[in-house]
Number of protein chains: 2
Amino acid sequence: MKVDFQDKPTDFPTSQVNGGPLKPVTQALLDRRATAHFRPEPVPDKYLEAILRFAAQAPSGYNLQPWRFVVVRDENNRRRLQKAAMNQAKVGEAPVVVIAFGIKGEWKSYMDEVFREGVRRGFGKADQIEATERMATEFLDEFPANVWLNRHVMIAFTTMMLVAESYGLDTAPMEGFDPEAVKKEFRLPPDAEVVALLAIGYAQIPDKAYAGRLSLRDLIHYERYDARRAS
Amino acid sequence: MKVDFQDKPTDFPTSQVNGGPLKPVTQALLDRRATAHFRPEPVPDKYLEAILRFAAQAPSGYNLQPWRFVVVRDENNRRRLQKAAMNQAKVGEAPVVVIAFGIKGEWKSYMDEVFREGVRRGFGKADQIEATERMATEFLDEFPANVWLNRHVMIAFTTMMLVAESYGLDTAPMEGFDPEAVKKEFRLPPDAEVVALLAIGYAQIPDKAYAGRLSLRDLIHYERYDARRAS
């Protein structure tokens with residue numbers, strides 16, 4: 001694989017799509033809901049590009065960045081994706097739907113390039129590349145590829161969602177889809193692992209009521225797992 | 001499982017730990033690096049609690065929130081965790097290390113409570129709970145539990161990391177650990193799936209150089225997967 005590299009974003013919108021100041025992530029999390037219906041207005045290109053560039057800054061094991069995205073904006077393609085996604089209306093309605101996936105074993109084709117680029121940029125030493133590659137290969141060859149891909153793709157996916165929400169856009173993350181149908185319709189390779197879909201746009205109607213969250217008492221244990229907290 | 005619920009956070013720090021304004025998520029992403037060494041200063045309790053509360057606001061399939069966290073602060077426990085985590089120095093150094101995990105099948109013990117709480121709060125209708133439970137159970141019973149847990153735990157994990165970074169704290173996400181040793185040392189149940197560790201604190205030394213990212217050309221496909229872009 002011939003690999004190109006990008007730097008951190010330098011030129012990106014610094015306000016919401018409505019012109020207001022960027023939301024702090026805390027406010028984005030307070031406002032965020034899984035949007036059920038979207039209006040048709042497009043997401044401006046410069047916002048979409050910023051969302052993708054910031055998602056790409058997410059961290060990954062050995063900097064291998066196994067997240068890949070198909071950006072679906074064409075109306076016919078959104079209808080095809082909707083059919084592969086339990087016919088959820090929001091997939092057909094949202095101006096942008098991102099298919100997040102990874103490809104099993106693809107890291108083998110570009111790991112060396114990533115490590116060499118790191119050394120060119122002052123990260124790590126050239127004479128340690130070989131040992132690091134051996135260590136990474138040993139870890140990844142024995143780790144279940146679908147688990148590793150889901151774990152990593154969701155770091156970039158969640159980053160994408162929170163950047164979009166901070167820009168005042170609405171989003172809907174989805175795991176209700178037929179992965180084989182998505183792969184077939186969008187020509188993903190056989191080794192692709194489809195992880196999630198993210199619709200991005202503008203809510204059409206007020207959000208549904210907030211359904212609440214488990215208390216910290218049920219989620220958090222201090223120093224060690226305490227079975228009594230979880231019973 | 002007896003379940004308690006929480007609302008959205010209302011009382012949380014609105015500035016960085018150093019007193020400066022909360023970083024926009026874009027700035028947090030530009031500044032964020034996997035910190036290699038931490039100073040010993042503690043993370044103030046009100047910041048840690050806010051980070052956990054906001055992580056709990058992450059979205060999940062059927063609102064099942066399968067993320068669980070062990071918060072490790074005690075020095076001896078951090079040393080024990082360090083041993084189970086390839087002896088990485090940052091685990092012993094950071095004032096807080098969070099073990100992020102999920103428990104296979106645990107959703108069965110509280111799904112009904114979560115759905116009933118949703119209805120009490122105006123989300124969904126009481127007469128649809130049974131059908132939704134059947135649909136969720138059908139999906140989850142046939143989906144590989146370790147994949148589903150990794151996918152979901154990373155939504156809350158990434159949220160936690162970005163909230164901590166927005167508060168001006170430094171973080172280090174890690175997947176280099178022996179899951180069986182972590183389970184044993186911290187008394188996690190046999191069905192636990194350990195997903196990742198997150199160290200939170202203050203960087204001790206300047207960050208390593210930025211190693212670059214794959215270009216959008218390699219990560220993003222428009223409308224359909226284009227094998228030529230990835231070759």
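## The second largest cavity

By class, 3 nonpolar, 1 polar and 4 charged residues line the second largest cavity of this predicted model. Its volume is about 30 Å³. Both chains contribute to the lining. Chain A gives A:Lys8 and A:Gln57. Chain B gives B:Leu29, B:Leu30, B:Arg32, B:Arg33, B:Tyr210 and B:Arg213.

## The largest cavity

The whole structure holds 2 cavities of 30 Å³ or more. The largest has a volume of about 60 Å³. Its lining takes in B:Ala34, B:Thr35, B:Ala36 and B:His37. B:Ala203, B:Ile205, B:Pro206, B:Asp207 and B:Lys208 line this cavity too. By class, the lining of the largest cavity splits into 5 nonpolar, 2 polar and 2 charged residues.

## A:His37

Where does A:His37 sit? Its place is in the loop between α1 (25–31) and α2 (45–55) of chain A. A:His37 has a relative accessible area of 28%, so it counts as partly exposed. The band for that class runs between 20% and 50%.

Neighbours within four places in sequence aside, A:His37 is in contact with A:Ala89 and A:Glu93. Its other contacts are A:Tyr202, A:Ala203, A:Gln204 and A:Ile205. A:Ala85 is 48 residues from A:His37 in sequence. In space, the C-alpha atoms of A:His37 and A:Ala85 are 15 Å apart.

## The second largest pocket

The second largest pocket has a volume of about 1,500 Å³. It is lined by 44 residues. Nearest its centre lie A:Ser60, A:Gly61, A:Tyr62, A:Asn63 and B:Lys90. Several elements give two or more residues to this lining. From chain A they are α5 (111–120), α6 (129–142) and α7 (145–166). From chain B they are α4 (89–93), α7 (145–166) and β4 (170–174).

Which element gives the largest share of the lining? That is α6(A), with 6 residues. By class, the lining of this pocket has 23 nonpolar, 11 polar and 10 charged residues.

## Helix α7(B)

Helix α7(B) has 22 residues. At 1.5 Å a residue, these should span 32 Å. The end C-alpha atoms are 32 Å apart, so the helix agrees with the expected span.

Is α7(B) mostly covered or mostly uncovered? It is mostly covered, with 20 of its 22 residues buried. Just after the helix, B:Gly168 takes a positive phi of about 80 degrees.

## B:Met111

B:Met111 lies in helix α5 (residues 111–120) of chain B. Its relative accessibility is 6%, so B:Met111 counts as buried. The cut-off for buried is under 20%.

What does B:Met111 touch, not counting residues up to four places away in sequence? The partners are B:Leu64, B:Glu133, B:Ala136 and B:Thr137. B:Leu22 is 89 residues from B:Met111 in sequence. Their C-alpha atoms are 35 Å apart in space.

## How the two chains are related

Chain A superposes on chain B by a rotation of 180 degrees, with 0.0 Å of shift along the axis. The RMSD of that superposition is 0.0 Å. The two copies are therefore related as by a two-fold rotation axis. The same surface serves both copies. Of the contact residues of chain A, 100% recur in chain B.

Terms used: Residues numbered from 1 in each chain as written. Chains lettered and ligands numbered in written order. Predicted model: local features only at pLDDT ≥ 70, side-chain atom pairs only at ≥ 80, totals over all residues. Heavy atoms only, no water. 1 Å grid on protein atoms, 1.4 Å probe; cavity = no way out; pocket = protein on both sides within 12 Å on 5 of 7 lines; lining within 4 Å. Points joined across faces, edges and corners; volume = space filled by probe spheres on them. Helix = DSSP H or I, 4+ residues; strand = E, 2+ residues; numbered from the N terminus. Nonpolar A, V, L, I, M, F, W, Y, C, P; charged D, E, K, R; others polar. Expected span 1.5 Å × (residues − 1). Buried < 20%, exposed > 50% of the residue type's maximum accessible area, 1.4 Å probe, protein only. Contact = heavy atoms within 4.5 Å. Least-squares fit on C-alpha atoms with pLDDT ≥ 70 in both.
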